[in-house]
Amino acid sequence: MIISRNDYIERLSGYRREIYVKGEKIENFVEHPNIRPAINAIAFTYDLAAQKEEYSPFSELVHQKVNRLNYVNRTPEDLIARLDYQRELSMRTGTCHYRCPGADAICSLYPTTKALDQRLDTDYHQKFLAFLKEIQSKDYACTGALTDTKGDRSKRPKEARDMYVHVVEKSDAGIVVSGAKIHQSGAFAADVNFVLPTQTFKQGEEEFAIAFAVTPEDEGVKFILQSTGYQAKFREGGSFEPGNFKYGDRLTCTVIFDNVFIPWDRVFVFEDLEANRHLLTGFAVSHRCAGAACKAGFMDSMIGAASLMLKANGLEKVAALKQKIGEMVGISEAAYGIAIGAATKGYEDWGVYQPNTLIANAGKVIGVDGLNKVIMNLAEIAGGIPVTAPSEFDLKNPEIGALVEKYLSANPEFTTEERLKIIKFIEFWVTSSHLLGGIHGGGSPAASIIFLQILADIKSKEEAVKEALGLK
Ligand SMILES: Cc1cc2nc3c(=O)[nH]c(=O)nc-3n(C[C@H](O)[C@H](O)[C@H](O)COP(=O)(O)OP(=O)(O)OC[C@H]3O[C@@H](n4cnc5c(N)ncnc54)[C@H](O)[C@@H]3O)c2cc1C
């Protein structure tokens, strides 16, 4: 089923969630100024799925249309449609839409549970399919929680047990888990949080090799919202002062699992090292490919902002600045092209079509470099004003408003307020959590580079050079 933005928000309003913002437990989280922007961004995924057929494919599992991000990809075309959806979402919201790790969790749990059942004669796949049916038919928004807090990184998980989500108890009814996941994108605004392992584990570390789903009725789940300058800005109010005032910064939280009971129906991997590895590989490749398309969308948003800024400043005819926009377009298309390349040269994994591992990891590395370069170009085009401008409140102040209006005006085709809106939006792009989100989200570049080193066929490249040079 495809539900509307209002259905999603209404359903969310019914959840009783323990959420902390700036040291306080909040009531009515749906209307909170720090949380509402993330809800608006997720709501936009519902808008777009309702508008475009390719974003709401027919699912054989539930015999109805479902959101593209809750769908199991079977073909390259499925994957490409997802990438296009994500690029458009990123461009039109200028932020995270939060459902991407949920989509990756679905497309990696599907093959992992299938392979696990074949190996151990268990019924994880049937349980997963039953849960996926519920997700698809209710059009739940899902997120994915992998990153453990880890503590002292030089220690193995056993030596820092509390810093990794782990099993505390098991019974006929289910398991009890404890620990915390950090940097969780939009978890407080979703219907389902898939919880996946943070890394591969060795023999003896099985208690950490678990995957399950958390739903709003589960007790003992606490969300602590990130606190950055942008959150303070959103609390300060104003109609456009926070830049991306509708959809907000990339909103993350720390999720604490305080002895949370999970029924077996929602446990999809239990203390199995091989399944753990299978799951992580599938998640990483899916997420890194989608991440490249998503970054292209962010770059598109910055291209739009750069072009508007040039016009608002009366600089749109300056060749050197227009060239910077050309470079930005080239980088955005390159990131998208890598994602599409990974999608067309992918592989079949127990019924799921996954992107090409080598190319998807290249997408992560190039996407991050590209994002950095595009932010630099945007900053250069914008001049210093995104970090020096007065506020919306100064513009509206009866004593100094007229002065701000006068001295911040430029091209008369733009009002000062319009120019200031563009300036604040660029401030958001260059100073918000986007750059760090781009670098580390989906795993730091170092993790992708390790994959690339392992997977690349360096030998054949060496042989080619040897042959060309006549070396033995
Ligand atoms: C905005 C944002 C959104 C995110 N959203 C999500 C989400 O929705 N779900 C989710 O699960 N995660 C999410 N992440 C987490 C992301 O996957 C992690 O940031 C990333 O995996 C790196 O982990 P860390 O930040 O804990 O780095 P740390 O573990 O603190 O490491 C710091 C640096 O050291 C390197 N490093 C660490 N240990 C080693 C080692 N042993 N050897 C070599 N290098 C090492 C790391 O690669 C990194 O560069 C998000 C992150 C950000 C910034």
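In the predicted model, the side chain of Thr-147 places an N or O atom 2.7 Å from a nitrogen atom of the ligand. A nitrogen atom of the ligand is likewise found 2.7 Å from a polar side-chain atom of Ser-185. At Leu-146 the backbone is involved, with one of its polar atoms 2.7 Å from an oxygen atom of the ligand. Considered on its own, the ligand exposes 950 Å², of which 62% is buried by the protein. The ligand is surrounded by 17 residues, and the closest are Leu-146, Thr-147, Arg-153, His-183 and Ser-185.

Ser-185 also connects the ligand surroundings to the sheet, since this residue is one of the closest to the ligand and stands opposite Thr-252 in strand 11. Strand 7, comprising residues 174-185, runs antiparallel to strand 11, comprising residues 252-263, and 9 bridges join the two. Both strands belong to an open sheet of 6 strands, in which the order is 2-1-10-11-7-6 and the pairing is mixed. The edges are occupied by strand 2 (24-25) and strand 6 (166-170); each has a single partner strand, so one side of each is left without a neighbour in the sheet.

Strand 10 (residues 221-225) lies between strand 1 and strand 11 in the sheet order. Its pairing with strand 1 (residues 18-21) is parallel and consists of 3 bridges, with Ile-19 opposite Phe-223 of strand 10. The pairing of strand 10 with strand 11 is antiparallel and extends over 5 bridges; here Ile-224 stands opposite Thr-254 of strand 11. The two faces of strand 10 are distinguished by their cover: Val-221, Phe-223 and Leu-225 make up the covered face, whereas Lys-222 and Ile-224 make up the uncovered one. Phe-223, which faces Ile-19 across the parallel pairing, thus belongs to the covered face of strand 10, while Ile-224, the residue opposite Thr-254, belongs to the uncovered face.

A nonpolar patch is present on the surface of the model. The patch is formed by Leu-358, Ile-450, Ile-454 and Leu-455, which together have about 370 Å² of accessible area. Helix 14, spanning residues 445-455, gives the most to this patch, contributing 3 residues. Ile-450 is located in helix 14 and has a relative accessibility of 49%, so this residue counts as partly exposed, the class that ends at 50%, above which a residue is exposed.

Terms used
Residues are numbered from 1 along each chain as its sequence is written. This is a predicted model: local features need pLDDT of at least 70, side-chain atom pairs count only at pLDDT 80 or more; totals for chains, interfaces and linings use all residues. Side-chain values use heavy atoms; hydrogens and water are left out. Patches are made of residues with over 30% relative accessible area and no salt bridge: like charges are joined within 9 Å, nonpolar side chains (Val, Leu, Ile, Met, Phe, Trp, Tyr) within 5 Å. Accessible areas come from the Shrake-Rupley method with a 1.4 Å probe; for residues, only the protein chains shown count as cover. A salt bridge is a side-chain nitrogen of Lys or Arg within 4 Å of a carboxyl oxygen of Asp or Glu. Helices (H or I, at least four residues) and strands (E, at least two) are DSSP runs, numbered from the N terminus. Buried means under 20% relative accessible area, exposed over 50%, partly exposed in between (1.4 Å probe, protein chains only). Two strands pair if DSSP finds at least two bridges between them. A residue is near a molecule or strand if one of its heavy atoms lies within 4 Å of it. A polar contact is a pair of N or O atoms within 3.5 Å; within protein, one must be able to donate a hydrogen and the other to accept it, and residues adjacent in sequence count only if both atoms are side-chain atoms.
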